[in-house]
Amino acid sequence: MNYSKKIVLTAAVGFFSQFAFAQSVQEGIIYVDSHKYAKARQNFNDLITKDPSANNYFYLGNTYLTQFEPNFDKAKEYFDQGLAKDAKSALNKVGLASIKIGKGDKSGENDLRQIVKDTREKDAEVLYRAAEALTIYEKTTNPDLAIEFLNKAIERSQKAGVPANYYYALGDAYRLKSTNDPKLAGNALSAYENALPLAKSKASVYTRIATLWMAAQQWQKAKDNLDKAIAVDPSYAPAYKALAGFNMKYQRNAEATQDLVKYSQYADEDPSTQLEIAKLYFINDDYANAKTTLDKIFDKVEDPIKYKLRAYVQYGSGDYTGAKENLDKFVSAVDKARVQAADQGLAGLISAGLAKDEKDPAKKAELEAQVQSKIAIAKAAKDETMKWDEELAKINGGFSAASADQGPTNPQIEGLKKKVAANPEDTTSMAYLAQAYQEAKNWNGAVLTWQKLTSLLPDWAPAYNSLAYAYQQSGNTDLANGSYQKYIDLITKNPAEVEVNKESLSYAYFAIAYANKDGDKAKAKEYADKAVALNPTYQDAVNLVKYLSK
């Protein structure tokens, strides 16, 4: 069939303009993935100027949901504009459903199902974005439904070519299901490997593979993939963020700081990203850089999250009065749904800091009453933003590097300290150092060293048993019981381990039972009985059972 020249040219122009448009959207997606939110927003704003279509408003609005701390109001503003352009816009409807999910409203999932149904499951991008909405909020994920949507998105886009981000989003969804299941980890790795040949940004995929290996505690494989990510794209910011996490794990604070400097260099000046950088400096105990970064953008940030982050930084530097003032500002300015268990825990720690120097007995008692109740909220939620008991112990004057250095020492300790300083990954020398501290009765040193080992080897049960003993000897019963419980949990996973460790396991049960004998008597009796069952000749446990049976 012959077409006129005009028709052929018109068709060609239409094709190339759509191609350029698709490339621009893809560029924006790559900017978001690279933590360059300011550039992504500029990209999508430019697209709206050229073509104010409903979809372009969605892409702009969605950057406010995928940033580190979602800005629901700003996102909704753009989704509403998109729907004003096209009331049937499925993507903008997905955006509004995503906001519901982010705020903890489970009806958002039903909205997503209906949107997918209305598009007859044929629109791959709608399926992908619906899946994204189910994975981006830490507290409200549904990885199973996300995996279902992503598999359908991949199937629908086979002919046109599957975008790499569909595959690596599938890998991310599998990771949300479980970090310990080898099969699920294998599914995640397969999805990342499928993304690798398709990805324009291969550093993005290598970084995801690296963090998958980090979650599996395969540290060398993690490091190898981070090296690959930086080799293929030295400007890929998230790789440096992951590398900082790697170095924090080994408590290489100086190296982690350098990684964060590079992360800050290659991510852009978007306030949300800078807030995240300040938070990472705080986690790395680098309060000076945390404060400098936060101060730089504090007045540019509208979101009240800035007050919470300043409260963390002030808490870290011992300014408990300023920390309370800013945390109170955050809590009073935001919707209740945004106040997390960690915020309650921080409030408890701040109260502990204020109570320490309070002279008025009534105010001191009031503050002390808040400490445990608020920290208990964070612990009940299994929040791990901070090590709550350890932070509380630090406030009360224990377990600092200075206190360890002031304690008893000997040539063996000093020699092992040098070995560990030279190689922070030398867990064998670290264990010998912890034992040397114990033998010298330097309990602060022992506690700090065993803490590092449990961080590096979270599944090594003996470290928790020794940490519990060190806590016990330093007079911290609550912390000791927490570590004994962790020891019990790890040992009892394997019946063979129980048989080999009967005596130490019996003592762990007894220690917790004894600590609870005048409070939670039911738990005390349960644990005392277990202690005797494991070691019938353990007279202290036998006597405790008799006492609790009266």
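These legends go with a set of close-up views of a predicted model.

**Overview. An all-helical set of secondary-structure elements in one protein chain.** The predicted chain has 31 helices and zero strands. Its C-alpha trace spans about 100 × 55 × 50 Å along the principal axes. Of the 550 residues, 49% count as buried. If you look at contacts with a separation of 6 or more, 53% of them come from residues 24 or more positions apart.

**View 1. Helices α8 and α9 pack against each other with a left-handed crossing.** Here the axes of α8 and helix α9 (residues 164-177) come within 9 Å and cross at roughly 160°. With that angle, α8 runs roughly antiparallel to α9. On the α8 side, look for P143, D144, A146, I147, L150, N151, A153 and I154. Facing them from α9 are Y166, Y167, A169, L170, A173, Y174, L176 and K177. Sorted by class, this contact has 13 nonpolar residues, one polar and two charged.

**View 2. Helices α15 and α17 also make a left-handed crossing.** The axes of α15 (residues 271-283) and α17 (residues 305-316) come within 10 Å, and they cross at roughly 20°. The two helices are therefore roughly parallel to each other. From α15, the contact uses L275, A278, K279 and F282. From α17 it takes in I305, K306, L309, Y312, V313, Y315 and G316. That works out as eight nonpolar residues, one polar and two charged.

**View 3. L346 sits in helix α19 and touches residues well away from it in sequence.** Helix α19 covers residues 341-357. L346 is buried, with a relative accessible area of 0%. Setting aside neighbours within four places in sequence, L346 is in contact with A311, Y312, Y315, L327 and W388. Two of those partners, Y312 and Y315, turn up in View 2 as well, on the α17 side of the contact with α15. For a sense of distance, K306 is 40 residues from L346 in sequence, with their C-alpha atoms 15 Å apart.

**View 4. F72 and Y137 form a tilted aromatic pair.** The structure holds 19 aromatic pairs, and this is one of them. The ring centres are 6.1 Å apart and the planes meet at 50°, so the pair counts as tilted. F72 belongs to helix α4 (residues 72-85), while Y137 is in the loop between α7 (124-133) and α8 (143-156). The pair links distant parts of the chain, as the two residues are 65 positions apart. Both rings belong to buried residues: F72 has 11% relative accessibility, and Y137 has 5%.

**View 5. Y509 and Y527 make an edge-to-face pair between two helices.** In this pair the ring centres lie 5.2 Å apart and the planes are at 75°, so the geometry is edge-to-face. Y509 comes from helix α29 (residues 502-515) and Y527 from helix α30 (residues 521-534), so the pair ties together parts 18 residues apart in sequence. Y509 and Y527 are both buried.

**View 6. Five aromatic residues gather into one cluster.** The members to pick out are Y484, Y507, F510, Y514 and Y538. Y507, F510 and Y514 fall within the residue range of helix α29, the helix that also carries Y509 from View 5.

Conventions. Residues numbered from 1 in each chain as written. Predicted model: local features only at pLDDT ≥ 70, side-chain atom pairs only at ≥ 80, totals over all residues. Heavy atoms only, no water. Axes fitted to C-alpha atoms, helices over the stretch in contact; angles between N-to-C directions. Helix = DSSP H or I, 4+ residues; strand = E, 2+ residues; numbered from the N terminus. Parallel < 35°, antiparallel > 145°, perpendicular 65-115°, else oblique. Left-handed = near helix turned anticlockwise from the far one by under 90°. Contact = heavy atoms within 4.5 Å. Nonpolar A, V, L, I, M, F, W, Y, C, P; charged D, E, K, R; others polar. Phe/Tyr/Trp six-rings, centres within 6.5 Å; stacked < 30°, edge-to-face > 60°. Buried < 20%, exposed > 50% of the residue type's maximum accessible area, 1.4 Å probe, protein only.
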